Amino acid sequence: MSSNTTDEPSSASMLHGHAAYVAGAAKETIGNISGSAPWQTAGQDDKAAAVDEMRAAKQASGTQTQNPTVGRVEEMLGKGVGCEGMVEEGGNAKGSAMGS
C-alpha cells in the first residue's frame with residue numbers, strides 16, 4: 001500500500017496530505033524516542049511527500065479566495081502541529097482574501 005498520490009495531481013488531496021503529514025511526524029517522533037534511524041528517515045520522507053501532495057492539491061484547486069478567518073485557523077493549526085503546508089496555505093488564504 002505504498003501508492004504515491006503526488007505523481008497524479010488529480011488525486012492529490014489536501015485532507016489526505018494533512019493526515020499523511022501528521023502520520024509522518026508521529027513516525028519521526030517514534031524514531032527520535034527509540035533512536036531508530038529508519039523510523040526517523042521514513043517519517044521525514046512521509047512528511048515531505050505529504051507537503052508535496054498538499055501543494056499539488058492546491059495547484060489542482062486553482063486560486064480560490066477563502067475566508068480570512070479560515071486562513072488564520074489553518075495557519076495556527078499548522079504552527080501547532082508543525083505542518084509547513086498548513087502554515088503556507090493558511091497564510092495564502094489570509095492574504096488572498098484580504099486582497100494582497
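A residue counts as buried under 20% relative accessible area, as exposed over 50%, and as partly exposed in between. The exercises below apply this to a predicted model.

**Exercise 1. Is Ala-23 buried, partly exposed or exposed, and in which element is Ala-23 found?**

Step 1. Locate the residue: Ala-23 belongs to helix H1.
Step 2. Take its relative accessibility, which is 43%.
Step 3. Compare with the cut-offs: 43% falls between 20% and 50%, so Ala-23 is partly exposed.
Step 4. Look across the chain: Lys-47 is 24 residues away from Ala-23 in sequence, and their C-alpha atoms are 7.9 Å apart.

**Exercise 2. Apply the classes to Gly-82 and Val-51: which class does each residue fall into?**

Step 1. Gly-82 sits in the loop between helix H3 (68-81) and H4.
Step 2. The relative accessible area of Gly-82 is 34%, so this glycine is partly exposed.
Step 3. Val-51 lies in helix H2.
Step 4. With a relative accessible area of 9%, under the 20% limit, Val-51 is therefore buried.
Step 5. Both residues have a partner far along the sequence. Gly-82 and Val-22 are 60 residues apart in the chain, with 8.7 Å between their C-alpha atoms. For Val-51 and Gly-85, 34 residues apart, the C-alpha separation is 5.6 Å.

**Exercise 3. Describe the fold of the protein chain: how many helices and strands are there?**

Step 1. Count the elements: the chain has four helices and zero strands.
Step 2. Read in sequence order, these give the pattern α-α-α-α.
Step 3. Check how contacts span the chain: of those with a separation of 6 or more, 57% join residues 24 or more positions apart.
Step 4. Add the surface: 28% of the 100 residues count as buried. The chain exposes about 6200 Å², of which carbon and sulfur atoms supply 58%.

**Exercise 4. Find the largest nonpolar core: which residues make it up, and which helix gives the largest share?**

Step 1. Recall the general tendency: in soluble globular proteins, nonpolar side chains tend to be buried together.
Step 2. List the members: Tyr-21, Ala-50, Val-51, Met-54, Cys-83 and Met-86, six residues in all.
Step 3. Assign the share: helix H2 (residues 37-61) provides three residues, the largest contribution.
Step 4. Trace contacts, leaving out residues up to four places away in sequence. Ala-50 touches Gly-17, Ala-20 and Tyr-21. Val-51 is in contact with Tyr-21 and Glu-84.

**Exercise 5. Examine the largest cavity: which residues line it?**

Step 1. Count first: there is one cavity of 30 Å³ or more.
Step 2. The largest cavity holds about 70 Å³ of space.
Step 3. Its lining consists of Met-14, Val-51, Met-54, Arg-55, Lys-58, Gly-85, Glu-88 and Glu-89.
Step 4. Sort the lining by element: H2 and H4 are the elements that give two or more residues. H2 supplies four residues, the largest share.

**Exercise 6. Judge the confidence of the model: which helix has the highest mean pLDDT and which the lowest?**

Step 1. Start with the whole chain: mean pLDDT is 78, and 76% of the residues reach 70 or more.
Step 2. Compare the elements: helix H1 (residues 14-34) has the highest mean, 91, and helix H4 (residues 84-97) the lowest, 72.
Step 3. Turn to residues 1-10, where pLDDT is below 50; this stretch has eight contacts in the model beyond near neighbours in sequence.

Terms used
Residues are numbered from 1 along each chain as its sequence is written. This is a predicted model: local features need pLDDT of at least 70, side-chain atom pairs count only at pLDDT 80 or more; totals for chains, interfaces and linings use all residues. Side-chain values use heavy atoms; hydrogens and water are left out. pLDDT is the predictor's confidence in each residue, from 0 to 100. Contact means heavy atoms within 4.5 Å. A nonpolar core is a set of buried Ala, Val, Leu, Ile, Met, Phe, Trp, Tyr and Cys residues joined through side-chain atoms within 4.5 Å. Buried means under 20% relative accessible area, exposed over 50%, partly exposed in between (1.4 Å probe, protein chains only). Accessible areas come from the Shrake-Rupley method with a 1.4 Å probe; for residues, only the protein chains shown count as cover. On a 1 Å grid over the protein atoms alone, a cavity is a set of points where a 1.4 Å probe fits but cannot get out, and a pocket is an open set with protein on both sides within 12 Å along at least five of seven lines; lining residues have an atom within 4 Å of a point. Grid points are joined across faces, edges and corners, and a volume is the space filled by probe spheres set on the points.
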